[in-house]
Amino acid sequence: MERPKLIVDGRRLDGRRPDELRPFRIKAGVLKRADGSAYMELGKNKILVAVYGPKEMHPRHLQQSDVAVLRCRYNMAPFSVEERKRPGPDRRSMEISKVIREALEPVLFLHLYPRAVIDVFIEVLQADAGTRTAGITAASVALADAGIPMRDLVTGISAGKVDGTVVLDLMKEEDQWGEADMPIAVMPRKKLITLLQMDGNFTPEEFRQAFDLAFKGVELLYEAQKEALREKYLPSLEEER
Amino acid sequence: MLFVSNRELVVPGKLLAEGNYVAGEGAFVEDGKIFSSVVGLTEIRERSVSVISLQGRYIPRRGDKVIGIVVDTHPYGWILDLNSPYTGNLLASELVGRRIDIFKEDLSKLLRMGDAVLAEVREVDDRWRVFLSPLQRGRIKEGRLVEISPAKVPRVIGRRGSMLRVLQETTGCRLEVGINGRILVKGKDPDKVNAVVEAILLIEKEAHLSGLTDRIKAKLEKLR
Amino acid sequence: MKELISTVKRDYILDLAVRGKRIDDRALDQYREITIERGVIGTAQGSALVKLGNTQVMVGVKLEKGEPFKDSPRSGILVVNAELLPLASPTFEPGPPNEDAIELARVVDRVIRESEMIDLEKLCLKEGEEVWAVFVDIYVLDHDGNLIDASVLASVAALYDVKPPAVPDWTLPGFPLRAKPVAVTVVKLNGVLMVDAKLEEENVAEARLTISTTENGNICAIQKGGSGFFSRDEVERAYELALRCGEELRKKL
């Protein structure tokens with residue numbers, strides 16, 4: 001397959017400018033059985049997250065006597081990608097599960113629930129690049145939806161470089177054919193970074209530009225996360241006013 | 001200085017107050033400022049700023065009245081599920097009020113798996129083992145058991161018991177409210193019992209709205 | 001992991017059953033509210049999301065080229081896989097499919113295969129060498145009982161949603177489908193037969209009987225589950241229920 005030109009006249013393949021996010025939406029409380037849940041769309045990405053816990057941790061020897069354990073499972077549906085993916089974890093999803101867990105742990109008050117476990121299940125129903133950061137964004141909402149106390153939400157987005165231009169929120173073709181991809185997750189209140197990965201090639205200047213773009217994207221998504229949580233209760237609160 | 005008003009809907013990370021204030025439940029202190037840690041409604045009492053969570057699991061505390069469900073047995077009694085990350089311990093001797101000879105008596109005759117028990121949390125030790133004292137001799141035998149989110153239980157009780165009074169007085173039913181989200185509804189008339197169960201589920205759904213007590217009262221009085 | 005249900009609730013459900021009633025006021029032969037959304041996943045060739053009360057099942061159908069089985073060199077391949085996602089219930093654990101997930105997949109497979117819903121012969125590209133493989137992936141998202149009926153409904157809807165891949169090899173005008181099978185699961189609770197059990201009812205039921213039928217009333221698949229039993233007469237009555245309720249379900253497709 002021939003590599004397309006990714007930026008023409010300052011516009012990307014889907015018409016976006018370098019600093020634009022794809023259309024997105026976030027909804028909280030979409031599943032009945034889970035303690036907390038959230039659904040997110042970002043471009044063609046469709047991600048569903050469920051949170052169970054805090055609950056008793058089994059097997060007992062994995063319990064931590066002074067804190068709750070956070071477990072994350074990132075998983076892609078067989079039909080989520082163009083070429084059917086065999087069900088089950090592969091090496092990529094195991095690494096992603098780990099970095100997502102490490103992105104979420106810093107905000108949670110885990111010491112409030114010693115010996116317990118909090119499970120986060122991230123299912124990618126349809127993928128189009130940026131699933132791990134979208135997964136983190138949705139997982140934060142699901143954790144808050146479950147009533148688990150946290151210092152702040154965690155918001156994720158990717159920045160990168162395509163055809164020499166630093167861009168925000170890479171789509172699949174840009175991730176595949178571009179020169180750099182940098183997923184990042186932030187605690188927006190204090191701008192503390194809890195996930196940072198990168199592969200490709202950045203000059204120091206491009207690296208800073210990518211960061212600036214990412215923080216801008218994070219601001220927009222953070223508002224949407226908060227709105228999703230409020231929206232679950234607000235329509236009815238609005239009615240009574 | 002306060003940054004929110006009373007009964008305002010906030011999300012985690014929201015700045016609530018700065019200065020001469022104390023953080024109550026659902027709030028934490030960082031860099032001398034008070035932030036919300038949960039999704040909930042603010043509660044401001046004098047100098048204390050709290051956020052009452054609209055969701056969340058039950059964490060046992062001494063003195064809580066709970067309804068537990070038997071999930072396991074051990075030589076001297078049972079382990080009860082409390083709808084919590086932590087299970088409760090109930091001694092057989094306490095349930096029947098006398099010493100039990102575990103070699104002569106069959107504990108399963110007293111309580112079986114799945115039986116519900118009305119109890120009080122006597123103690124929670126520093127290893128989070130929860131010890132229960134029964135409030136009744138034996139298992140719960142009659143009535144309907146409703147499970148709601150523990151965060152909504154205070155609403156079922158109401159300020160100074162106002163909602164609970166409405167539920168009981170308009171229908172003639174009696175309620176045993178477990179702080180852990182399990183509520184037992186007893187009554188002679190099954191229609192009245194059903195009405196109370198429906199009212200409780202409605203309270204769970206609309207706990208964050210005001211005027212709820214009056215609306216529930218009006219609904220139930222129509223049945224009289 | 002077993003579900004936790006109190007004896008208080010169990011006794012209540014059993015008591016209602018002998019009086020012909022259910023906890024959510026439904027009739028014994030009444031299904032919960034059903035919605036079917038088609039074309040929900042763009043990366044799949046066909047997809048559907050079924051909501052049956054609070055139960056939610058998503059199915060994605062993918063078409064890929066593959067080698068035929070040696071004993072049927074002219075026939076396309078059907079593969080059905082089911083995931084009881086840990087998302088859907090505190091009792092579902094992450095890991096490879098357990099016996100419940102495998103049973104679910106195999107039951108749905110039998111319904112599709114035995115009803116001959118897909119004309120597999122038409123999916124042959126080169127005899128003995130290359131055929132189209134149809135992958136039906138069942139994703140259970142939220143578990144509130146009756147996963148089998150919801151999964152069959154979602155699978156059939158997803159297959160009817162299939163838009164053939166935009167490749168030169170695809171010569172057929174559409175996807176070769178005929179027949180619309182449906183599954184009706186009848187549970188026996190305190191001796192009483194009822195359809196579409198909610199989770200709480202499933203946890204208390206003695207056994208279940210899933211009967212799948214095609215438009216002409218013929219039976220294409222049956223599965224009995226649970227450790228209880230059915231009398232001959234109960235099986236007959238379950239078939240009647242399956243016919244009646246099956247018709248209603250088929251209308252939704």
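Among contacts in chain A between residues at least 6 apart in sequence, what percentage join residues at least 24 apart? The figure is 70%, and it is a fitting place to begin a tour of this model, which is predicted.

**Chain A**

Select chain A and colour it by secondary structure, and you should find five helices and 12 strands. The radius of gyration of this chain is 18 Å, close to the 18 Å that the globule rule gives for 241 residues, so chain A is as compact as a globular protein of that length. If you turn the chain along its principal axes, the C-alpha trace spans about 55 × 50 × 35 Å, and 55% of the 241 residues count as buried.

**Chain B**

Next, select chain B and colour separately its domain 1 (9–53), domain 2 (65–134) and domain 3 (144–221). Between the C-alpha centres of domain 1 and domain 2 of chain B there is a distance of 37 Å.

Staying with chain B, pick out the open sheet of four strands, whose order is β1-β6-β7-β3 and whose pairing is mixed. At its edges are β1 (9–10) and β3 (22–23) of chain B, each of which pairs on one side only. Strands of a sheet pair through backbone hydrogen bonds, either parallel or antiparallel. Here β3(B) and β7 (residues 48–53) of chain B run parallel and are joined by two bridges; to see where they meet, show B:Ala23, which stands opposite B:Val49 in β7(B).

**Chain C**

Now move to chain C and select C:Glu3, which lies in the segment before α1 (7–18) of that chain. Is C:Glu3 buried or exposed? The answer falls in between, because C:Glu3 has 13 C-beta neighbours inside 10 Å and therefore counts as partly exposed. Setting aside neighbours within four places in sequence, C:Glu3 is in contact with C:Thr91 and C:Asn203, while its C-alpha atom is separated by 19 Å from that of C:Arg22, 19 residues apart along the chain.

Continue into α1(C) itself, where the end C-alpha atoms are 17 Å apart, which agrees with the 16 Å that its 12 residues should span at 1.5 Å a residue. Show the side chains of C:Val8, C:Lys9, C:Ile13 and C:Ala17, which are the buried residues of α1(C). These buried residues pack against elements of two chains: β11 (116–124) and β13 (144–147) of chain B, together with β7 (182–189), β8 (192–195) and α4 (199–204) of chain C. Finally, select C:Gly20, which follows α1(C) and has a positive phi, near 75°.

Note on methods:
Residues are numbered from 1 along each chain as its sequence is written. Chains are lettered from A and ligands numbered from 1 in the order in which they are written. This is a predicted model: local features need pLDDT of at least 70, side-chain atom pairs count only at pLDDT 80 or more; totals for chains, interfaces and linings use all residues. Domain bounds come from an automatic or database domain assignment. Two strands pair if DSSP finds at least two bridges between them. The radius of gyration is taken over C-alpha atoms; the globule rule is 2.2 Å times the number of residues to the power 0.38. A residue is buried if 20 or more other C-beta atoms lie within 10 Å of its own, exposed if 12 or fewer, and partly exposed in between; C-beta atoms are placed from the backbone. Two residues are in contact if their C-beta atoms, placed from the backbone, lie within 7 Å. The expected span of a helix is 1.5 Å times one less than its number of residues.
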